[in-house]
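Here is my notebook from an afternoon with one model. I wrote the entries in the order in which I looked things up.

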Amino acid sequence: MKVQRKTLSLAEKLYLPAIFKGLKITLRHMFKKKATMQYPEEHWVVPEGYRGAPYLVRDQHGRTKCVSCQLCEFVCPPKAIKITPPGPQVNPNVGNVEKEPKEFEIDMLRCIFCGYCQEVCPEEAIFLMQDYSLTGESRKEMVYDKEKLLALGGVHNDPIEKWKRKEMEAREQGVG
Ligand code: SF4
Ligand code: SF4
């Protein structure tokens, strides 16, 4: 069957209707509310409970809450956590109770922000915070060490204060 083609007017041959149609759409969008964000100067405000990067926290007495149990290291699906326990060295003030890790590293390039480490931690020592945009200039820079994780995590008030109790016990026994 032969296809009937409309004869184009001079304006249509010069694409004028199509150009005006396009300009009309552009003009309409020029006066609409802007949907783009000037990232990185502007950031999304994430909702309460958002699960971003995992950081270590200290209690209100400045103690590292992590006790090197390594549960988070074991459970982490992409194996992003590497913990070096303190070994036999103990803090004479609190005996062998406070096993603050010698080193604690999280490879943020591997971390998938799943939250398993936070869920499994018996000490409430690691929390997923609201940082979702982590950048660095090298792979090495993206491996956060203990000091960096603690600095980013800040203080988490511990209502139980078991360290204080252990400290008092140690003092009573004349260890401290
Ligand atoms: S959030 Fe998930 S992937 Fe990231 S360190 Fe914790 S357990 Fe591993
Ligand atoms: S962060 Fe929690 S789960 Fe991980 S080693 Fe420390 S105490 Fe254990």
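The entries below go through the ligand shells, the sheet, the core and one loop residue.

**Entry 1, before starting.** I remind myself that this is a predicted model.

**Entry 2, ligand 1.** Which residues come closest to ligand 1? I listed the surroundings and got 15 residues, the closest being C76, C111, C114, Y116 and C117. I then sorted this shell by type: 14 of its residues are nonpolar, one is polar and none is charged.

**Entry 3, ligand 2.** I repeated the search for ligand 2 and found 13 residues around it. Nearest are C66, C69, L71, C72 and C121. Sorting gave ten nonpolar residues, two polar ones and one charged one.

**Entry 4, the sheet.** Next I traced an open sheet of three strands, in the order β2-β3-β5, and its pairing is antiparallel. Which strands stand at the edges? They are β2, residues 81-84, and β5; each has a single partner strand, so one side of each has no neighbour in the sheet. I looked more closely at the contact between β3, residues 103-107, and β5, and found two bridges in the antiparallel sense. Across from V143 in β5 I found D107.

**Entry 5, a helix over the sheet.** I followed α5, residues 146-153, and saw that this helix lies across β3 and β5. Its angle to β3 is about 75 degrees.

**Entry 6, the core.** How many residues does the largest nonpolar core have? I get 22, and L56, I106, I126 and L149 have the most contacts inside it. The elements giving two or more residues to this core are β1 (54-56), β3, β4 and α5. The largest share comes from β4, with three residues.

I picked L56 for a contact list, leaving out residues up to four places away in sequence. Its partners include F104, A125, I126, L149 and L150. C66, which is among the residues nearest to ligand 2, is also one of the contacts of L56.

**Entry 7, M129.** Last, I went to the loop between β4 (126-128) and β5 (143-144), where M129 sits. Why does M129 count as partly exposed? I find 18 C-beta neighbours inside 10 Å, and a residue needs 20 or more to be buried, while 12 or fewer would make it exposed. Leaving out residues up to four places away in sequence, M129 touches G52, A53, Y55 and G153. G153 is also on the contact list of L56. I also checked M129 against E48: they are 81 residues apart along the chain, and their C-alpha atoms are separated by 9.9 Å.

How values were computed. Residues numbered from 1 in each chain as written. Chains lettered and ligands numbered in written order. Predicted model: local features only at pLDDT ≥ 70, side-chain atom pairs only at ≥ 80, totals over all residues. Near = placed C-beta within 6 Å. Nonpolar A, V, L, I, M, F, W, Y, C, P; charged D, E, K, R; others polar. Contact = placed C-beta atoms within 7 Å. Pairing = 2+ DSSP bridges. Axes fitted to C-alpha atoms, helices over the stretch in contact; angles between N-to-C directions. Core = buried A, V, L, I, M, F, W, Y, C linked by C-beta atoms within 7 Å.
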